[in-house]
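Colleague: Could you take a close look at a single part of this model and walk me through what is found there, and then at how aromatic rings pair elsewhere in the chain?

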Amino acid sequence: MFACRLPLWRFSATCKLRQSGHFVPWDSCQMLTIKGINTTVGQEQQAGLKGKQVLEDLEMHLARSETEALFHEQPETGNPYLEDTFLRGYLKTHLPPKVLEEVHQDLERFGSHLHSKIQPLSRECELNPPVFRQYDAWGRRVDHIHTCSAWRRMKEISAEEGLIAEAYERRYSNWSRLYQAVKLYLFSSSSGGFNCPLAMTDGAAKVIESLGIPGSLKNAFDRLTTRDPQQFWTSGQWMTERRGGSDVANGTETVARKQPDGSYRLYGFKWFTSAADSDMTLTLARIVDAEGQCTQGSRGLSLFFLRVRDEEGKLNNIQVQRLKDKLGTRQMATAELWLQGARAELISAEGRGVAAISNMLNITRIHNVIGAVASMRRMMSLSRDYARKRVAFGKLLKDHPLHMQTIARMEVQVRGAFLLLMEIVHLLGLAETNLASEQEQLLLRLLVPVAKLYTGKQASAVAVEAMESFGGQGYMEDTGLPVIVRDTLVLSIWEGTTNILSLDVLRSLIKSQGQVVAVFLSTVQKKLELASGTEELSPAVQQTREAIGRLQQFLAGAGSEQALTMELAARDFSYSLARIYTGRATAGTQNQGMVWHSPSLSPCRWCNQELCPVAAESARGSYGAGAALQDSALVLGSSRL
């Protein structure tokens, strides 16, 4: 190797004698030692071939040195709580002073712990996904799902930090649920996928609490909500079967046979069971009557509690068929399970399983929103830091106006989604402490599916756009960015796809006989009234009011149409509710003193988009019977070969 780099022209200078005056260049007369070869003008021919090879080697070395010296600055983040000024501004504006003081101290400590200790564990979980071992060395079936030490440590941290307990201890009354949501929001993108088991654990605890915590479930509830890592349980949620999907009423084949002691034995195949390494689960099954018959449809479904393993650690008459090979969330074990007489306890009224588990679905859908907002914030934080470091075309990315415009547009989406999340968990906190009015309970019922479906779509779009902001590096697996994108894509699928939840929104309208829409419109208009006195908000207020007017016109026209119209409009209708309500929330934050820092991030930016797409599409004739036929012809006709 060379101790220093010498310019290539020093080695490639000609050694020919000039014909006039026999002038010899200075470089050729020097004694040059390269890899032990001594070269003078008189020895040129003998050393010619060797010298040529030396020069080629030198050029290759220099080329490699230059290449190896090029690198990109790695984006880095610090304490996620301290860096999230929008979060801190929200808490300062909304929490009572005493609550804020205690919460701020804990979140600052937790943020530091996330940065220094938990984030490295997250990467370990991503690099060491669960492994399924069906047989031991002697041929005995063991069905063991091995998880890495980092994953098991995440479970301990979840208990120690009270990530479930906080919501049920209610130290801060109706603010406890919001505080829990903030901790989960900070934890989610550093959890290595453990946020998913926590969602189902929270949901199971909510179901048991809603049943009055019967004596037989007291131990389970205490373990789900404890802060003791040695006692803490996580829960699964086993509903999807071979027919798959959200149609549990027609897709559930698992049956329950009552035993003489009053317990039940479950028989069936659970096709998709997330967090298969959990300690317990809630699941649906059909009870077999004395004649061996089962009631079909949703009326035949009952809710059961079961332990996954007994006290000795043996599976509860459960066989693991395989682990799912998923696109993302590979850190978490998702399995296909055979129930072959699994002992279970009936915990709902017979035939009321769907109603009983609805509390679990509400909680898991809210967790889905938390995960969506958290993944967007994580990608934005990394993208912002990269813009401060990466030089392209002679200047930092942050000095390229188009690049910053793209990031600003994403930032508006993240802030809007965050505010929608905070609205929901605030309403949930009121409901859980019996402080919510009837109108607020109706609003919560409407906003949960709306927020889940909309933020799931937002998260996918923002994650992909943010990945692009890193250029080719965003596509490199070892940067960790593709993991975030893959894990984000499930958010529009898990706990109900966009279309399924859009239809759920319509059901809430029908069930309340339109009352929920009236509450929605009244709530938005009241908030706009408060914001209308602020001059800089007047464009946003005006745009939101116009969107409300168009929404009302659509509803008035759709009321006389057939059901097909509302079904075709369901997705756009849900998007309209999400955008209008978020517009109301963004205007409210500015009016309450929260700072958006720049005009490009003002509430007006959110309201510049189409707030009521359902009205726009209706005007184009997208929802009539003719449109449905055209859609079918377009899709099905294109498949004819």
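Modeller: In this predicted model, Gly139 takes a positive phi near 85 degrees in the hairpin of strand 3 and strand 4, which has five residues between the strands. The two strands, residues 131-135 for strand 3 and residues 141-146 for strand 4, pair in the antiparallel sense over four bridges, and Val131 has His146 in strand 4 as its bridge partner.

Turning to the rings, the count of aromatic pairs comes to 13. In one of them, the ring centres of Tyr185 and Phe418 lie 5.6 Å apart with their planes at 50 degrees, and because planes from 30 to 60 degrees apart count as neither stacked nor edge-to-face, the pair is tilted. Tyr185 belongs to helix 9 (residues 176-188) and Phe418 to helix 14 (residues 401-432), so this pair ties together parts that are 233 residues apart in sequence. Tyr185 is buried, with a relative accessible area of 4%, and Phe418 is buried as well, at 3%. Ring pairs also link these two residues with Phe86 and Tyr90 into a cluster.

Another pair is formed by Trp271 and Phe272, whose ring centres are 6.3 Å apart and whose planes stand at 35 degrees, so this pair is tilted. Here Trp271 counts as partly exposed, at 35% relative accessibility, and Phe272 is partly exposed with a relative accessible area of 26%. The ring of Trp271 also has the charged end of Lys324 sitting over it, 3.4 Å from its centre, while the charged end of Arg177 sits over the ring of Tyr168, 5.3 Å from the centre of that ring.

Definitions and conventions: Residues are numbered from 1 along each chain as its sequence is written. This is a predicted model: local features need pLDDT of at least 70, side-chain atom pairs count only at pLDDT 80 or more; totals for chains, interfaces and linings use all residues. Side-chain values use heavy atoms; hydrogens and water are left out. Two strands pair if DSSP finds at least two bridges between them. Rings of Phe, Tyr and Trp (its six-membered ring) pair if their centres lie within 6.5 Å; planes under 30 degrees apart count as stacked, over 60 as edge-to-face and the rest as tilted. Buried means under 20% relative accessible area, exposed over 50%, partly exposed in between (1.4 Å probe, protein chains only). A charge sits over a ring if NZ of Lys or CZ of Arg is within 6 Å of the ring centre and within 35 degrees of the ring normal.
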